[in-house]
Number of protein chains: 2
Amino acid sequence: MVTIKDVAEEAGVSIATVSSVINDSRPVAQATREKVLKVINEMGYKTNPVARALKVGNTKRILYIVPSIKNLVFAQFINQVQHSLIKKGYDLILLNNEARVDLTKSYLSIIHSSNIDGLIMTQTRSCGKLIVESCQQKKIPFVILFEPDIFKEESMVTSDEKTGMDQAVEYLISQGHHKIALLKVADSRNQNKRFHFFKEKLAESGLEFNNDWLITTAGHDEKAAYTAVTNYLQDKKPEFTALIGCNDFLTLGAIRAFRKYKLKIPAEISLIGYDDSIAEYLYPALTTVGLPKKKLAKKSVEILLNKIKQPDYQAEQNKFSQQLIIRDSVANLKKAK
Amino acid sequence: MVTIKDVAEEAGVSIATVSSVINDSRPVAQATREKVLKVINEMGYKTNPVARALKVGNTKRILYIVPSIKNLVFAQFINQVQHSLIKKGYDLILLNNEARVDLTKSYLSIIHSSNIDGLIMTQTRSCGKLIVESCQQKKIPFVILFEPDIFKEESMVTSDEKTGMDQAVEYLISQGHHKIALLKVADSRNQNKRFHFFKEKLAESGLEFNNDWLITTAGHDEKAAYTAVTNYLQDKKPEFTALIGCNDFLTLGAIRAFRKYKLKIPAEISLIGYDDSIAEYLYPALTTVGLPKKKLAKKSVEILLNKIKQPDYQAEQNKFSQQLIIRDSVANLKKAK
DNA sequence: CTGTTAGCGCATTCAC
DNA sequence: GTGAATGCGCTAACAG
């Protein structure tokens, strides 16, 4: 490995000078600078980030902790976060805690071992809480990316659930749907919020909310949703003409359940998903509420880097609106008549 | 931050002793050890990995460079690699080069800056070559995970393409298919290999290979496949009864194209995919050739860590067999008659 | 404008 | 069994 010392010797200057030209930390004579640059180039010198980190105290690495990677949304988030980070010269360290509390606990030491400059998390409530408390205690800068607002006083970047739900319901109404069901995970804080805005929007639109049209699932994936909807359909025929699933996977589970009961999609049941993760791959291509992933990722990185720079940086909270993406899973009842 | 010095002072011993009990690097009196351990615990001391890295020369970080993250297969690989790494005490740094040569080149400096102990890559030929050459030059331990065997002399872990294709073709034949088409990316080395085994298996099975039944695409995604298959169908009706797509996304593109031409799936056209990425989410659920992702990831990590430990570790090549996953996209022609 | 030096936190050799 | 001292590669304060 070629070190700064090697370069200094070869160039006939001191290591301080080499450091100066590398970091532009103080004026260097043009001739000297060129000489050093030339030697650096010739010897293929790269500054050792580990040594630099030890000296300067930062590692230029951000940990991103996600609850899953099987769900494509998180892969999409990871992608955006990594892109934003690399533009700023930071590396992304990835940690997947599977939304499991036990795993999270055992990973806490990784977080604490001061080998990261900051942390971005997209998490469930219980695991998120664990991480947030740890970071607070150890004074590790962090930002919550797309998490229900549990920690009002912390920096977080979320999407505006109201805009998405409003658009979804409005769209369904515009297509002639008046009986709308909702499918959500039983104990998800974020999805409860969607549920809240759902009811609110129905009321605003003069539509009744039927408690019978709320289907809850035990988990976040399509299997849980399939089970829930299948159970639902065993008892009764659906009176609703449309269903909004609180993520694309739930909606997929619903699609399968409806198919099992020979209900035509979208002719008999229209569907809307959330997240725009697998929506485009489904059949029919799923109309879904898209998340502003790029904006969310970019902003969270921006805030985090600010917090790293200024430890007293004021907690900042940002919301970005969601956008309904119209595809083929909603039938136009008006046209049909 | 609490340092080893703080611990030493508090415990009334030297830092050398503290270091000894942490690393078990030399005998320590039981009483001293307990005392030190107690203080470490009380003060919440964690050894600073950056300082450790500077001293010892390793960073306990592995870079995993993938060509995409939009394609779910890579997310699945990332997941497995991260799990394997963390078990061994290594962190995963993620880099996504989008399979772009320009991006790869600009990322090369990240690779070279000696802040990683090793590298795992899942790459296309052109980008892979760039990275391999860099690593060889800089003597960075690396292993190729699931890459067509370009570098015969390097460590790599691949899956056995023959087993998968054999199973796929055999299965199709068992369901009464004799006219089988193949859909692949035009210039993908790995897919050319699949094509090779495809022809080989057809010949073995006494089936003709019709050059007309090879459809090639310009890209790896469903859009490229949709375009290619649509163009194909514009000219002629498909004579084949089944098509194998060289990845699930290509196959999805084909499905859409067939649908456009009102061909029923699987009744009129049966389909098989590759990778088991989005296969299970499609409709009909796609029969596909699954990759042994977990085994691949685990083995590649194992080899890499060996290479890191022993610089002269002999290049090792491993193959794991693929497994056909039967779902609903292949019709049984025999039964139909 | 440039060189000398201290020290980031740790592991390790050499003494005792 | 234990401590003092050295240095990993680098940046920044201090001198000139």
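A residue counts as near a strand if one of its heavy atoms lies within 4 Å of that strand. With that in mind, welcome to this predicted model, in which 27 residues are around DNA strand C and 26 residues surround DNA strand D. Chain A and chain B also meet each other, with 47 residues from each chain taking part in the contact. Let's take the topics one by one.

**Around DNA strand C**

- The residues that come nearest to DNA strand C are T17(A), R26(A), T32(A), K55(A) and I4(B), so both chains appear in this short list under the 4 Å cut-off.
- Sugar and phosphate make up 55% of the strand C atoms that come within 4 Å of the protein.
- The side chain of T17(A) has an N or O atom 2.5 Å from a phosphate oxygen of DNA strand C.
- Two residues reach base nitrogens of this strand: K55(A) with a side-chain N or O atom at 2.8 Å, and A51(B) with a backbone N or O atom at 3.4 Å.
- Helices α2 and α4 of chain A, together with α2 and α4 of chain B, each give two or more residues to this surface.
- Sorted by class, the surface near DNA strand C has 13 nonpolar, eight polar and six charged residues.

**Around DNA strand D**

- Here the closest residues are I4(A), Y45(A), T17(B), R26(B) and T32(B).
- Of the strand D atoms within 4 Å of the protein, 59% belong to sugar and phosphate.
- Phosphate oxygens of DNA strand D have partners in chain B: a side-chain N or O atom of T17(B) at 2.4 Å, and a backbone N or O atom of S14(B) at 2.9 Å.
- K55(B) places a polar side-chain atom 2.8 Å from a base nitrogen of DNA strand D.
- In both chain A and chain B, α2 (15-23) and α4 (49-56) each supply at least two residues of the surface near DNA strand D.
- That surface divides into 12 nonpolar, eight polar and six charged residues.

**Where the two chains meet**

- Chain B and chain A bury about 4100 Å² between them, with 61% of it on carbon and sulfur atoms.
- On the chain B side, V50(B), Y281(B) and Y283(B) lose the most area to chain A, together 16% of what that side buries.

**Inside the protein**

- The largest nonpolar core has 151 residues, and I244(A), F258(A), I244(B) and F258(B) touch the most other members.
- Apart from this core lies another of 42 residues, including I131(A), I144(A), L103(B) and I144(B).
- Leaving out residues up to four places away in sequence, F258(A) touches several residues, among them V229(A), L233(A), F240(A) and L271(A).

Notes:
Residues numbered from 1 in each chain as written. Chains lettered and ligands numbered in written order. Predicted model: local features only at pLDDT ≥ 70, side-chain atom pairs only at ≥ 80, totals over all residues. Heavy atoms only, no water. Core = buried A, V, L, I, M, F, W, Y, C linked by side-chain atoms within 4.5 Å. Buried < 20%, exposed > 50% of the residue type's maximum accessible area, 1.4 Å probe, protein only. Contact = heavy atoms within 4.5 Å. Polar contact = N/O pair within 3.5 Å; in protein donor to acceptor, adjacent residues only side chain to side chain. Helix = DSSP H or I, 4+ residues; strand = E, 2+ residues; numbered from the N terminus. Nonpolar A, V, L, I, M, F, W, Y, C, P; charged D, E, K, R; others polar. Buried area = accessible area lost by both parts, 1.4 Å probe.
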